[in-house]
Amino acid sequence: MIQVSQLSKAYGRQVIFDEIGFTINAGERIGLVGRNGHGKTTLFRILLGQEHQDSGNVSIPNGYTIGHLSQHIRFTEPTVLAEACLALPKRDDGVDETYRAEKILTGLGFGAEDILRSPHDLSGGFQIRLNLAKALLQEPNLLLLDEPTNYLDILSIRWLRAFLRTWKNELMLITHDRSFMDSVSTH
């Protein structure tokens, strides 16, 4: 559970948050709605520790993990599949879960030949899809998704919708696709 209390943030005279507060309870999938420039992404950055609030508290339990869809492209592995597998949680029993990465990559529109390509050879849109696959594979306690459908085709959007409906942990979602948000969010 994450608790935010009396959170304030401003950029010069532009007040983004003025002593806001909320709690994210176990299993909640929250859709954030608001105009561009009204602080949705800023809130994500604060939760990720990438930006600091002017005042207020963000309480995150010890050991609680937060994952997000990164827009930054940094790949180190020779193939798409190997890159995706970097995000798999480490298992003590040595069980190979490569199949999970293959399943998610397929759902996001990667073909059998695509997963053997270098991530650097992918289009920008497919590189973002690879980052989305990595975020989903991490299975964080809280998953932050900022416009996850931007680079997806209709089949991949349908797959992601079904996947997120079964997401067991917490989720915060920013999207301009109201139908997608309504079908995935609980709050």
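This briefing describes the sheets, helix packing and nonpolar cores of one protein model. The model is predicted. One of its sheets has 3 strands with antiparallel pairing, and another has 4 strands with parallel pairing. The largest nonpolar core holds 34 residues, and a further core of 17 residues lies apart from it.

**The antiparallel sheet**

- Strands of a sheet pair through backbone hydrogen bonds, and the pairing is either parallel or antiparallel.
- The 3-stranded sheet is open, and its strands come in the order β2-β1-β4.
- Its edge strands are β2 (residues 14-24) and β4 (residues 55-59), each of which pairs on one side only.
- From one strand to the next, the twist in this sheet averages 20 degrees.
- Strand β1 covers residues 2-11 and is joined to β2 by 7 bridges in the antiparallel sense.
- L7 has I20 in β2 as its bridge partner.
- Helix α1, made of residues 40-48, packs on this sheet and touches β1, β2 and β4.
- The direction of α1 makes about 120 degrees with that of β1.

**The parallel sheet**

- The 4-stranded sheet is also open, with the strand order β3-β7-β6-β5.
- β3 (residues 29-32) and β5 (residues 66-68) stand at the edges with a single partner strand each, so one side of each has no neighbour in the sheet.
- The twist in this sheet averages 15 degrees from one strand to the next.
- β5 and β6 run parallel and are joined by 3 bridges.
- G67 has L143 in β6 as its bridge partner.
- Helix α1 lies across β3, β5, β6 and β7, and α1 runs at about 145 degrees to β7.

**Helices α4 and α5**

- Two packed helices are described by the angle between their axes and by the distance between the axes.
- For α4 and α5, the packing angle is about 15 degrees and the axes are 13 Å apart.
- Angles under 35 degrees count as roughly parallel, so α4 is roughly parallel to α5.
- The crossing of α4 past α5 is left-handed.
- On the α4 side, the residues that meet α5 are R129, L132 and L136.
- On the α5 side, their partners are S156, W159, L160, F163 and L164.

**The nonpolar cores**

- Within the core of 34 residues, the members that touch the most others are L105, F110, L130, L132, L143, L145 and L164.
- The elements that give two or more residues to this core include the helices α2 (80-85), α3 (98-107), α4 (124-138), α5 (154-165) and α6 (178-184).
- Strands β6 (142-146) and β7 (170-174) also give two or more residues to this core.
- The most comes from α4, which gives 7 residues.
- L130 touches F75, V80, E83, A84, L105, F110, P119 and L122, with residues up to four places away in sequence not counted.
- The separate core of 17 residues has V4, I16, I30 and L32 among its members.

**A residue in a loop: T149**

- T149 sits in the loop between β6 and α5.
- T149 counts as buried because its relative accessibility is 9%, and the cut-off for buried is under 20%.
- Leaving aside neighbours within four places in sequence, T149 is in contact with I157, T175, D177 and F180.

Notes:
Residues numbered from 1 in each chain as written. Predicted model: local features only at pLDDT ≥ 70, side-chain atom pairs only at ≥ 80, totals over all residues. Heavy atoms only, no water. Core = buried A, V, L, I, M, F, W, Y, C linked by side-chain atoms within 4.5 Å. Buried < 20%, exposed > 50% of the residue type's maximum accessible area, 1.4 Å probe, protein only. Contact = heavy atoms within 4.5 Å. Pairing = 2+ DSSP bridges. Axes fitted to C-alpha atoms, helices over the stretch in contact; angles between N-to-C directions. Parallel < 35°, antiparallel > 145°, perpendicular 65-115°, else oblique. Left-handed = near helix turned anticlockwise from the far one by under 90°.
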